[in-house]
Amino acid sequence: GAGESRGFGRGRGRGGAGRGGDREGGRGGGRGGDRGPRPPRKDKEEGDGQWQPVTKLGRLVKDKRIRRLEEIYLYSLPIKEYQIIDYFLEGKLKDEVMKIMPVQKQTRAGQRTRFKAFVIVGDQEGHCGLGVKCSKEVANAIR
């Protein structure tokens, strides 16, 4: 009848308040921003090049309480800092690009193509890891 709706609480389609290209309208919320002033960023390479561990595992490694990488694997501990691997496998690491895959996102102006790179890194003595990175350029994705 008149004024009666069948389901679909707020009408049909996407978005909240308006239609199409409105920003900050309803669900979705736009593209970030509006978080107020941020503190200045500290770069990873800041300081005198000395590694300051952040995790408990990092502190144990730096204090030489853990002597081998296998001790970390034995207890399935997550390695959150790349410096832990550098500490044990310094100079032995080799990398090889396994696959470069284009991925596309549909935008209002067409497609945006980015490149996803899969790189395997290891010491060729049984330790290996997989790195995955997506970037606008192939060279940046591999890095």
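## Close-up views of a predicted model

**Figure 1. Overall layout of the protein.** From the N terminus on, the elements follow the order α-α-α-β-β-β-α. That order comprises 4 helices and 3 strands. The model is predicted. The protein has 143 residues, of which 14% count as buried. About 12500 Å² is exposed, and carbon and sulfur atoms supply 49% of this area. Take the contacts between residues at least 6 apart in sequence: 28% of them join residues at least 24 apart.

**Figure 2. The largest nonpolar core of the protein.** This core has 9 residues. They are W51, L57, V61, I66, L69, I72, I84, F88 and L89. At least two core residues come from each of α1 (56-62), α2 (69-74) and α3 (82-89). The top contributor is α3, which gives 3 residues.

**Figure 3. V61 and its contacts.** V61 is itself a member of the largest nonpolar core. Neighbours within four places in sequence are left aside here. Beyond them, V61 is in contact with W51, I66, I72, I84, Y87 and F88.

**Figure 4. H127 in its loop.** H127 lies in the loop between β2 (110-122) and β3 (128-135). Is this loop residue buried or exposed? H127 counts as buried because its relative accessibility is 14%, under the 20% cut-off. Sequence neighbours within four places aside, H127 is in contact with L69, E70, Y73, L89, V121 and G122. Two of these partners, L69 and L89, also appear in the largest nonpolar core. L93 sits 34 residues from H127 in sequence. In space, the C-alpha atoms of H127 and L93 are 9.3 Å apart.

**Figure 5. Polar contacts of the H127 side chain.** Which side chains does H127 meet through polar contacts? One partner is the side chain of E70, at 2.7 Å. Another is the side chain of D123, at 2.9 Å.

**Figure 6. The salt bridge between E70 and R68.** The count of salt bridges comes to 1. E70 forms a salt bridge with R68. The closest N and O atoms of this pair are 3.9 Å apart, and the cut-off is 4 Å. E70 counts as partly exposed because its relative accessibility is 34%. R68 is also partly exposed, with a relative accessible area of 48%. Both values fall between the 20% and 50% limits, so neither residue counts as buried or exposed. E70 thus has two side-chain partners in these views: R68 through the salt bridge and H127 through a polar contact.

Definitions and conventions
Residues numbered from 1 in each chain as written. Predicted model: local features only at pLDDT ≥ 70, side-chain atom pairs only at ≥ 80, totals over all residues. Heavy atoms only, no water. Buried < 20%, exposed > 50% of the residue type's maximum accessible area, 1.4 Å probe, protein only. Contact = heavy atoms within 4.5 Å. Polar contact = N/O pair within 3.5 Å; in protein donor to acceptor, adjacent residues only side chain to side chain. Areas by Shrake-Rupley, 256 points an atom, 1.4 Å probe, with all protein chains shown as cover. Core = buried A, V, L, I, M, F, W, Y, C linked by side-chain atoms within 4.5 Å.
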